[in-house]
Amino acid sequence: MTATHPVDQLMSEHRIIENVLSAMEARTAEMTPATFPAVFFDQALDFFRNFADGYHHYKEEDALFPMLKSRGVPEEGGPIGCMLKEHVFGRSCLAGIRENLEAARGGSAEAVEAVRRFANDYIGMLRQHIMKEDTVLFRMARHILEQPDVEKLERQFSNPDNPRITAEVRQKYESLAARLTVDAA
Ligand SMILES: [Fe+2]
Ligand SMILES: [Fe+2]
């Protein structure tokens, strides 16, 4: 059995992340202080922190991007630097949601609006980010990376000693994403 190409793995993770972004968009559009979906946001934050960021962005930042840099793709002023800045911006949006969650759960209209703003910023940014990776950076990666690079990435992505990116983590968050998506439908 051949392993899935690392870029295909990352793209399949994008599809899971997009599903949860759509679920969050639907919840965010309809929520009021009286109907604030606190449990949804608890779970969505868990998903975005530990899967979109902890699992997926980790694989990009610690494996794919350094590999592309070693093959001559510049960080500063190029697509990698732009992607890294967007990962940082995403973390600040998630922190904004987290900081307002308890007050929003308690019915504060101001906190609910803050959650809505941070969630919308996150959704808009991450959709564009994913599109840029799929159509620019990942396309570039397929073109530039040679077979030994691909094999090294495959080994890094399936390293059982790295607790952030185990198969169990993927399975856990894939099921959570499916639940969050169905609940929001
Ligand atoms: Fe990314
Ligand atoms: Fe990505």
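In this predicted model, the iron ion (ligand 2) is held by four residues, namely His-14 and His-56 through their NE2 atoms and Glu-60 and Glu-133 through OE atoms, at 2.0 to 2.2 Å. Along the chain these donors follow the spacing H-x41-H-x3-E-x72-E. The four donor atoms around the iron ion (ligand 2) subtend angles of 83 to 166°, which makes the arrangement irregular. Glu-60 belongs to helix H2 (residues 38–70) and Glu-133 to helix H4 (residues 109–144), so this pair ties together parts of the chain that are 73 residues apart in sequence. Both Glu-60 and Glu-133 are buried.

The iron ion (ligand 1) is coordinated by Glu-60 (OE), His-87 (NE2), His-129 (NE2) and Glu-133 (OE), again at 2.0 to 2.2 Å. The donor residues of the iron ion (ligand 1) show the spacing E-x26-H-x41-H-x3-E in sequence. Here the angles subtended by the four donor atoms run from 85 to 179°, and the arrangement around the iron ion (ligand 1) is therefore irregular. The two iron ions, ligand 1 and ligand 2, are 3.2 Å apart, and Glu-60 coordinates both. Glu-60 in helix H2 and His-87 in helix H3 (residues 79–105) form a pair that links distant parts of the chain, 27 residues apart. His-87 is buried, as is Glu-60.

The aromatic residues can be described next. A search of the whole structure finds eight aromatic pairs. In the pair of Phe-40 and Phe-41, the ring centres are 5.7 Å apart and the planes stand at 90°, so the pair is edge-to-face. Phe-40 and Phe-41 are both buried. Elsewhere, ring pairs join Phe-47, Phe-48, Phe-51, Tyr-55, Tyr-122 and Tyr-173 into a cluster. Another kind of contact with a ring involves Lys-59, which lies over the face of Phe-157 at 4.6 Å from the ring centre.

Empty space in the model comes next. The largest pocket has a volume of about 250 Å³, and 14 residues line this pocket, with Gln-9, Tyr-55, Phe-157, Ser-158 and Ala-167 lying nearest its centre. Tyr-55 thus appears both in the aromatic cluster and in the lining of the largest pocket, while Phe-157, whose face is covered by Lys-59, is likewise part of that lining. At least two residues of the lining of the largest pocket come from each of helix H1 (6–30), H2, helix H5 (147–157) and helix H6 (167–184).

The structure also holds one cavity of 30 Å³ or more, and about 40 Å³ of space lies in the largest cavity. The residues that line the largest cavity are Phe-48, Asp-53, His-57, Glu-86, His-87, Gly-90, Arg-91, Leu-94, Tyr-122, Met-125 and Leu-126. Two or more residues of this lining are given by each of H2, H3 and H4, and H3 contributes the largest share, five residues. The lining of the largest cavity includes His-87, a residue that also coordinates the iron ion (ligand 1). Phe-48 and Tyr-122 are likewise found in the lining of the largest cavity, and both are members of the aromatic cluster.

Three further residues illustrate how buried positions are placed with respect to parts of the chain that are separate in sequence. Met-31 is found in the loop between H1 and H2, Leu-101 has its place in helix H3, and Tyr-122 lies in helix H4. Met-31 is buried, with a relative accessible area of 3%; Leu-101 is also buried, with a value of 5%, and Tyr-122 is buried with a value of 2%. The table gives a C-alpha partner for each of these residues.

| Residue | Partner | Separation along the chain | C-alpha to C-alpha distance |
|---|---|---|---|
| Met-31 | Val-112 | 81 residues | 8.1 Å |
| Leu-101 | Val-115 | 14 residues | 7.2 Å |
| Tyr-122 | Ser-92 | 30 residues | 8.9 Å |

Tyr-122 brings several of these descriptions together, since this residue of helix H4 is buried at a relative accessible area of 2%, takes part in the aromatic cluster and lines the largest cavity.

How values were computed
Residues numbered from 1 in each chain as written. Chains lettered and ligands numbered in written order. Predicted model: local features only at pLDDT ≥ 70, side-chain atom pairs only at ≥ 80, totals over all residues. Heavy atoms only, no water. Donors = N, O, S within 2.8 Å, 3.2 Å for Na, K, Ca; no water. Tetrahedral: all angles 85-135°; square planar, octahedral: opposite > 155°, others 65-115°. Helix = DSSP H or I, 4+ residues; strand = E, 2+ residues; numbered from the N terminus. Buried < 20%, exposed > 50% of the residue type's maximum accessible area, 1.4 Å probe, protein only. Phe/Tyr/Trp six-rings, centres within 6.5 Å; stacked < 30°, edge-to-face > 60°. Lys NZ or Arg CZ within 6 Å of the ring centre and 35° of its normal. 1 Å grid on protein atoms, 1.4 Å probe; cavity = no way out; pocket = protein on both sides within 12 Å on 5 of 7 lines; lining within 4 Å. Points joined across faces, edges and corners; volume = space filled by probe spheres on them.
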